[in-house]
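Work through the exercises below with the coordinates open. Each task is followed by its solution in steps.

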Amino acid sequence: ISSEAFSLAGTLGLSKLIVLYDSNRISIEGSTDIAFTENVQERMAAFGFQTLDVADGNNLEEIGKAIEEAKADTTRPSFITIHTQIGYGCPAKQGKASAHGEPLGEEEIKLTKENLGWPYADKEFFVPEEVKAHVAAITAEGAKAEAEWNEMFRAYAEKYPELAKEYAQWHSDELAADLLNDEDFWKNEGDLATRAASEKVLQKVAKVVPNLFGGSADLAPSNKSQMKDREYYSKENPAGSNVHFGIREFAMTAIANGMSVHGGVRPYIAGFFVFADYMKAGLRMEALMGLPVISILTHDSIGVGEDGPTHQPIEHLAMLRSLPNYNVFRPCDTRETAAAWYTALHSKETPTALILSRQNLPALEGTGKDALKGAYVLKDCAGTPDVLLMASGSEVELIYKAADELAAKGVKARVISMPWEVFEAQDAAYKESVLPKNVRARLAVEAAADFGWQRYTGLDGDMICMNGFGASAPAGLLFKDFGFTVENVVEKALALVK
């Protein structure tokens with residue numbers, strides 16, 4: 001992550017970034033020389049950083065001077081190497097690997113205090129009055145600065161009310177736009193790949209969410225993640241709100257997390273779904289920290305086709321769905337894609353992944369706002385259904401058509417579109433209305449690993465899913481070869497009903 005992030009920081013000339021590098025030359029196994037001999041300063045200079053060096057990590061004056069020198073450079077980020085000794089002051093462990101992970105122990109703590117000239121070495125935990133007074137003075141100084149800022153902003157708001165209102169909106173987690181009742185937002189744009197549907201929805205969102213900020217790890221033309229009416233952020237144009245992250249999936253994710261924590265912008269990122277592997281640690285931190293970052297992840301299944309099995313994210317839906325506090329949306333058309341974006345934009349503490357197709361998908365009758373519940377009845381039958389057909393994304397078309405063929409054979413099928421994750425947040429009554437417990441003949445269809453579908457198919461259900469890594473061929477051939485056809489759905493459903 002550091003190399004990816006430093007490389008981008010140097011490229012963008014992020015001069016407000018100052019990195020303090022604690023160089024104590026010790027790792028858990030011993031001296032860093034056993035596995036790490038690179039010249040860090042030269043590497044950072046190659047990234048485009050100003051590099052500074054402080055020989056003594058205990059010399060606060062020298063550290064302060066280095067920070068001021070870093071601030072003075074307004075064209076480059078700065079990297080300050082500060083040389084320290086691990087376990088400083090401890091007679092038995094100073095400069096040794098044992099200081100890294102072993103507790104000092106009571107006697108060694110006392111000897112360290114004495115060695116450092118601490119006059120209260122016999123006390124286990126003690127804060128002298130002069131320390132309390134010093135902290136109180138800093139607190140008062142901070143409170144004064146905050147009061148001055150608040151007064152400045154009050155005067156600003158009085159003089160520029162519209163700008164102050166806009167500032168407050170940028171730092172709010174509430175959307176000013178009423179997208180729920182915006183007919184254009186929910187308009188079905190026809191037969192499109194959901195990556196193209198997402199692009200159309202994104203343009204609409206960009207017009208009403210001014211602080212949207214995002215980009216892709218080098219794949220914007222393919223994952224359709226550019227806001228077309230916005231400029232690109234760069235060293236020369238810091239007012240842009242699209243950003244070229246370059247081939248840096250991990251750093252891109254971490255950067256979006258940082259922007260979300262900071263506030264003021266609504267970050268989104270984009271890549272191929274299979275590259276969620278590279279993003280995983282950052283995605284996990286989003287969920288853990290409660291950050292509503294939006295990830296556009298395209299090329300969602302074996303529909304990638306000729307790119308081969310390496311780029312077919314067979315197991316990745318299961319991976320992301322297993323994350324606590326993480327929303328996974330795999331929409332089947334433009335209206336469900338709008339629902340995914342709506343959920344993502346209105347989320348306050350949960351990140352969202354939009355899992356989007358490469359291949360064109362039909363605009364289906366009946367899709368729309370019901371997708372906000374994560375699963376809904378897209379097409380129903382009269383009375384109690386004989387079989388429940390469930391699918392997400394591109395496979396919804398298959399069960400939609402299969403229901404008609406089953407009806408012609410006298411079998412009543414309910415078609416359930418399951419973009420997925422938020423269904424678990426619905427109440428028991430709604431879940432029962434969609435998936436009645438007394439209907440045990442259930443078929444799930446998804447061009448990915450079956451892991452996770454068992455909770456919905458139950459003991460008597462079946463699945464048409466992937467159990468391998470796919471193959472290299474056009475999408476149409478792959479879907480047919482692996483059984484993702486209307487005929488196979490009908491055959492499996494009939495077997496369940498029998």
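**Exercise 1. The largest pocket**

Task: Find which helix gives the most to the lining of the largest pocket, and describe that lining.

Solution.
- Step 1. Note that the model is predicted. Its largest pocket holds about 1,200 Å³ of space.
- Step 2. List the lining. It has 39 residues, and those nearest the pocket centre are Leu14, Phe213, Tyr233, Ile255 and Met259.
- Step 3. Assign elements. Two or more lining residues come from each of helix H1 (2–12), helix H7 (161–170), strand E6 (212–216) and helix H10 (249–262).
- Step 4. Pick the top contributor. H10 leads with six residues.
- Step 5. Sort by class. The lining splits into 25 nonpolar, eleven polar and three charged residues.

**Exercise 2. The open sheet**

Task: Work out the strand order of the six-stranded open sheet, then place H10 against it.

Solution.
- Step 1. Trace the pairings. The order is E7-E6-E8-E9-E11-E10, and the pairing is parallel.
- Step 2. Find the edges. Strand E7 (242–244) and strand E10 (327–329) each pair on one side only.
- Step 3. Take the twist. From one strand to the next, it averages 20°.
- Step 4. Add the helix. H10 packs on the sheet and touches E6 and strand E8 (266–272). The directions of H10 and E8 make an angle of about 170°.
- Step 5. Check one pair inside the sheet. Strand E9 (residues 294–298) joins E11 in the parallel sense over five bridges. Ile294 stands opposite Thr352 in E11.

**Exercise 3. Helix H1**

Task: Identify the buried residues of H1 and what they pack against.

Solution.
- Step 1. Select the buried positions. They are Phe6, Ser7, Leu8, Ala9, Gly10 and Leu12.
- Step 2. Collect the partners. These buried residues pack against strand E1 (18–23), helix H2 (40–47), E7 and H10.
- Step 3. Look just past the helix. Gly13 follows H1, and its phi is positive, near 60°.

**Exercise 4. Gly374**

Task: Is Gly374 buried or exposed, and which residues does it touch?

Solution.
- Step 1. Locate the residue. Gly374 sits in the loop between strand E11 (352–356) and strand E12 (376–379).
- Step 2. Apply the cut-off. Gly374 has a relative accessible area of 0%. Buried means under 20%, so Gly374 is buried.
- Step 3. List the contacts. Leaving out residues up to four places away in sequence, Gly374 touches Ser417, Met418, Pro419, Trp420, Val422 and Phe423.
- Step 4. Take one distance. Gly374 and Ser392 are 18 residues apart in sequence and 10.0 Å apart in space, C-alpha to C-alpha.

Conventions
Residues numbered from 1 in each chain as written. Predicted model: local features only at pLDDT ≥ 70, side-chain atom pairs only at ≥ 80, totals over all residues. Heavy atoms only, no water. 1 Å grid on protein atoms, 1.4 Å probe; cavity = no way out; pocket = protein on both sides within 12 Å on 5 of 7 lines; lining within 4 Å. Points joined across faces, edges and corners; volume = space filled by probe spheres on them. Helix = DSSP H or I, 4+ residues; strand = E, 2+ residues; numbered from the N terminus. Nonpolar A, V, L, I, M, F, W, Y, C, P; charged D, E, K, R; others polar. Buried < 20%, exposed > 50% of the residue type's maximum accessible area, 1.4 Å probe, protein only. Contact = heavy atoms within 4.5 Å. Pairing = 2+ DSSP bridges. Axes fitted to C-alpha atoms, helices over the stretch in contact; angles between N-to-C directions.
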